[in-house]
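Q: I'm new to this one, and I'd like a close look at a single part. Please pick one spot and walk me through it slowly.

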Amino acid sequence: MTDQVVSRDENTGDSVQRLKRNAVGTVGVIFMAVATAAPITAMVGNVPIAVGFGNGSHAPAGYLVATIVLGLFAIGYATMAKHITATGAFYGYISHGLGKVLGMASGLIITMAYIVFEGSLIGIFSYFFADFASSVFGITVNWLIPALLMLVLNCVLTYFDVNLTAKVLGVFLITEIIMLSLGALAVLFRGGNPETGFAVAETLNPVGAFTPAAGIVGASAGLGLFFAFWSWVGFESTAMYGEESKDPKRIIPRATMIAVLGVGLFYVFISWMAIAGTGPAKSVELAQDSATAGNIFFDPVESTYGAWAITVFKLLLVTGSFACGMAFHNCASRYLYALGREGLSKGLQKTIGATHPTHGSPHIASFVQTGITLVLILAFFFAGMDPYVHLYGLLAILGTMAIMIVQSLCAFAVIAYFHFHKNHPSSAHWFKTFLAPLLGGIGMLYVVFLLWQHKDAAAGAASGTLLFKLTPWIVVGLFAFGAAMALYFKYRDPARYELIGRIIYEDSEVRD
C-alpha cells in the first residue's frame, strides 16, 4: 500500500505529488527544528566569539535580546502557519503576503541558504570528527573522509520516512542538551565562581548586550549580537514539515513557539552559567585564544565530573553537528521539492517535485541536494581549504545573510497578509499580526546590517577569499534572478505564474 498522495492543479492540469501525511507529531517537528539550531555547536562555537570579541561577559544578555526579537517574529509566523501549510514555508508565506515576484525571489535565496548550510555543517562536523579521533585515539583522519560519510548518511536517512529522521535527531539532540545542562547545573549548584558568584547584573542586563567587551581593542557589541542571532538559524523550519505533520494547524504554531522560546531560554541559561562558572574577566581572557576558548564550557564539566566527561563532550560535538547537518539536508530537500512541484517546469515537477511511492519522502530532491553538496565539498577540498575556517565559516555567512533577509520579508508578509489583503479577519490582531512581526522584521533587518558591518570579523582568516567577496553578490544575484523569472512567467505564461507559492496543503481550517 502506498502513502503517496497525488492531486491535480485546476489551472494547468498537472499532477502534484504530496509528502507523506501524518508522519510526524509535535515532538518530532520540534526535534528537527531545534536540531538545525545545533545547541551544543552554537554554544561552544559562538559564545566564545561573542565573549572574546563582541559584548564580552554580557553575551548572555545578547542571547536574551535575540530571544525577544525572534519571539516577536515567531508570533506572527505562527499565526500565519495556522492558515497556510506550505512545505516551502517562507516561499509560500511571502508569495501570499508580498506577492509572487518577491515570493519567487525569496524562494531561490532561501533554497540556496539551506543548500549551503548542509555543506557548512559538514565542514564543522569533519573538524570535530578529526579532533575527536586525534585527541581520543591518536588517529589522524583526513577531513574528506568524515565529510563524505556524513553526506551519504544524510542522503540515506532522508530517503526514508521523515519519522526516522526525527527519531535519529531526537536521540542526538537529547544527549547534547543533557551534556550542556550537566555543565550548567554544576555551576548553579556550586554557586558560581567563588570570587564573582553569578554576576547577574554584569551578564543578564539587556543594556549590556549593546556594550563592547571592556578593555578589548576592536571589540564590537554588534558582532556579539550577530553571533547570538546566528545561533538560532533553522528554527523556522517547523513550517516546512506541516504537510507531513498529524495536525499542522495546531502542531506547527505550537512547535514554532516552543522551539524559539525554549531554545532562547536554554541559550541564555547555558551561556550565563558558562560565564558565571569561569568568572566574567577570566571568560573574556580565555575566549581571546581559540586554543582555550572552549574551556569556558569544558572547565566546569571537567572539574565536576572528571576527564571522561570532556571525552563525551567532544563526542557530542560530533553527533550534534551531524544532527544539525542532517536537519538542514531535510530542509534543503523540501525547498527543492517545493519549487520543483510548482509546475513551472513539467520536467522538474516529475523529478525533484516527485515523492517516493512508499516513504512519501522527497527522495529525488534529496539526491539533487546530495550532488550539489558533494560538488561543494570537493571544490573546497581540492582548493586546499580548511573544513572549519573555510567550508563552515564561508558557507554559514552566505546562508545566514540570505536567511535573515528572507526572515525580514516574511515578517512584513504576515502584516500584508492579514492587514492589507484582509485575509482571515478573525485572526488579524494589532499585536500578533501587526506590531510583533513589525518589530521582529525591523530586528531582523538590524541583524542583516550587523552581518554586513562585521562580515570581515565573522569570516576571520577566510575574509580574503574570492567566495567571501562574492557572497553579497550571490545573494543579490539570485534574488534578482528569481524576481526576473517570476516576471517572465507573469507575461509569457500567466497560468503557471498563478502557481507560484500557491501549492499548499488544503486543510485550511484551524481545528478546535
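A: What follows starts at one helix and works outward through its partners.

Two notes before we start. This is a predicted model, where local features need pLDDT of at least 70, side-chain atom pairs count only at pLDDT 80 or more, and totals for chains, interfaces and linings use all residues. Residues are numbered from 1 along each chain as its sequence is written, and side-chain values use heavy atoms, leaving out hydrogens and water.

Our starting point is helix H3, residues 59-81 (helices are DSSP runs of H or I, at least four residues, numbered from the N terminus). One partner is helix H9, residues 221-230. The axes of H3 and H9 come within 9 Å and cross at roughly 55° (axes are lines fitted to C-alpha atoms over the stretch in contact, with angles from 0 to 180 degrees between N-to-C directions). That angle makes H3 oblique to H9 (under 35 degrees is roughly parallel, over 145 roughly antiparallel, 65 to 115 roughly perpendicular, and the rest oblique). The crossing of H3 and H9 is right-handed (the near helix is turned clockwise from the far one by less than a right angle; anticlockwise would be left-handed).

Who actually touches whom here? From H3 come Gly62, Tyr63, Val65, Ala66, Val69 and Leu70, and H9 answers with Leu225, Phe227, Ala228 and Phe229 (contact means heavy atoms within 4.5 Å). Sorted by type, this H3-H9 contact has nine nonpolar residues, one polar and no charged (Ala, Val, Leu, Ile, Met, Phe, Trp, Tyr, Cys and Pro count as nonpolar, Asp, Glu, Lys and Arg as charged, and the others, Gly among them, as polar).

Now zoom in on Thr67, which also sits in H3. Thr67 counts as buried because its relative accessibility is 6% (buried is under 20%, exposed over 50%, partly exposed in between, with a 1.4 Å probe and protein chains only). A polar atom of the Thr67 side chain lies 2.7 Å from the backbone oxygen of Tyr63, and Tyr63 is one of the H3 residues that meet H9. Setting aside neighbours within four places in sequence, Thr67 is in contact with Trp232, Leu261, Gly264, Leu265 and Val268.

H3 has another partner, helix H16, residues 387-420. This time the packing angle is about 55° and the axes are 10 Å apart. So H3 and H16 are oblique to each other as well, but H3 passes H16 in a left-handed crossing. On the H3 side the touching residues are Phe73, Gly76, Tyr77, Thr79 and Met80. Across from them in H16 are Gln407, Cys410, Ala411, Ala413, Val414, Tyr417 and Phe418. The tally for this contact of H3 with H16 is nine nonpolar, three polar and no charged residues.

Let's follow H16 over to a further helix, H5, which covers residues 100-137. The axes of H5 and H16 come within 7 Å and cross at roughly 150°, and the two are therefore roughly antiparallel. H5 passes H16 in a left-handed crossing. Their contact divides into 22 nonpolar residues, seven polar and no charged.

Phe128 is a good residue to find in H5. Phe128 is buried, given its relative accessible area of 11%. Not counting residues up to four places away in sequence, Phe128 touches Thr41, Leu317, Val318 and Ser321. Phe128 and Val389 are 261 residues apart in sequence, and 12 Å apart in space from C-alpha to C-alpha.

Past H16 comes the loop that leads to H17, and Lys422 lies in that loop. Lys422 has a positive phi of about 60° although it is not a glycine, and at 60% relative accessibility Lys422 counts as exposed. His424 lies in the loop between H16 and H17 too, with a positive phi of about 45° despite not being a glycine. At 29% relative accessible area, His424 is partly exposed.

Finally, helix H17 covers residues 431-453, and Phe431 is in it. Phe431 counts as partly exposed, at 27% relative accessibility. This residue brings us back to the neighbourhood where we began. Leaving aside neighbours within four places in sequence, Phe431 is in contact with Leu72, Ile75, Ala436 and Pro437. Phe431 and Leu72 are 359 residues apart along the chain, yet their C-alpha atoms are separated by 9.3 Å.

How values were computed
Polar contact = N/O pair within 3.5 Å; in protein donor to acceptor, adjacent residues only side chain to side chain.
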